[in-house]
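Hi,

Here is the structure I promised to pass on to you. Have a look at it first, and then read my notes below.

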Amino acid sequence: MESNQYVAGVRQVNRHLLEHRIKKIYLACDCEDDFAAGVRKNAAADGVPLEECGTRHLFAELCGIKVPCGVIGILSE
C-alpha cells in the first residue's frame with residue numbers, strides 16, 4: 001500500500017475521522033475491545049464503512065511498520 005493513501009493506528013484513524021478524511025476503515029479481528037469500540041462509534045457517527053478482517057500483525061506487515069496495528073483507515077481523495 002502507498003503510505004499517502006492510508007493512516008495506521010487508532011489515534012491516527014480517529015483524528016482523520018474527526019476531520020472527515022476517511023472513506024473506509026479496516027479493523028483487525030484481534031483489535032483490543034476498548035479501541036475497537038471507539039473506532040466503531042466514530043465510524044458510525046461519520047457514516048464510514050468498517051470491515052473487520054485480518055490481524056494486527058498482518059496490518060503491520062501491510063503497512064511496513066514494526067508494531068502490531070489494530071486499524072487502518074483509507075483516506076478520501
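**What I found in the sheet, the core and the helices**

A good place to start is I25, which sits opposite L50 of β3. Please keep in mind that this is a predicted model. The strand pair behind that position is β2 (residues 22-27) and β3, which run parallel and are joined by 3 bridges.

If you zoom out from there, you will see an open sheet of 4 strands in the order β1-β4-β2-β3, with mixed pairing. The edges are taken by β1 (6-8) and β3 (50-52); each has a single partner strand, so one side of each has no neighbour in the sheet. From one strand to the next, the twist averages 20°.

The other two pairings both involve β4. Its link to β2 is antiparallel and has 5 bridges, with K24 opposite I74 of β4. On the β1 side the pairing is also antiparallel, over 3 bridges, and here A8 faces I72 of β4.

How much of β4 is buried? The strand is mostly covered, with 5 of its 5 residues buried. In a regular strand, side chains alternate between the two faces of the sheet. In β4 both faces are covered: V71, G73 and L75 are buried on one side, and I72 and I74 on the other.

That brings us to the largest nonpolar core, which has 21 residues. Those touching the most other members are V13, L17, I22, I25, V48, V71 and I72. Two or more residues come from each of β1, α1 (10-18), β2, α2 (33-46), α3 (56-63) and β4 (71-75). The biggest contributor is β4, which gives 4 residues. In soluble globular proteins, nonpolar side chains tend to be buried together.

V48 is worth clicking on. Leaving out residues up to four places away in sequence, V48 touches L17, I22, K23, K24, I25 and A43.

Last, the helices. The axes of α1 and α2 come within 10 Å and cross at roughly 20°. Angles under 35 degrees count as roughly parallel, and α1 and α2 are therefore roughly parallel to each other. The crossing of α1 past α2 is left-handed. On the α1 side the contact is made by V10, N14 and L17, and on the α2 side by F35, G38, V39, N42, A43 and D46. You have met two of these already: L17 and A43 are both among the residues that V48 touches.

Happy viewing, and best wishes!

Conventions:
Residues are numbered from 1 along each chain as its sequence is written. This is a predicted model: local features need pLDDT of at least 70, side-chain atom pairs count only at pLDDT 80 or more; totals for chains, interfaces and linings use all residues. Side-chain values use heavy atoms; hydrogens and water are left out. Two strands pair if DSSP finds at least two bridges between them. Axes are lines fitted to C-alpha atoms, for helices over the stretch in contact, and angles run from 0 to 180 degrees between N-to-C directions. A nonpolar core is a set of buried Ala, Val, Leu, Ile, Met, Phe, Trp, Tyr and Cys residues joined through side-chain atoms within 4.5 Å. Buried means under 20% relative accessible area, exposed over 50%, partly exposed in between (1.4 Å probe, protein chains only). Contact means heavy atoms within 4.5 Å. Angles under 35 degrees count as roughly parallel, over 145 as roughly antiparallel, 65 to 115 as roughly perpendicular and the rest as oblique. A crossing is left-handed if the near helix is turned anticlockwise from the far one by less than a right angle, and right-handed if clockwise.
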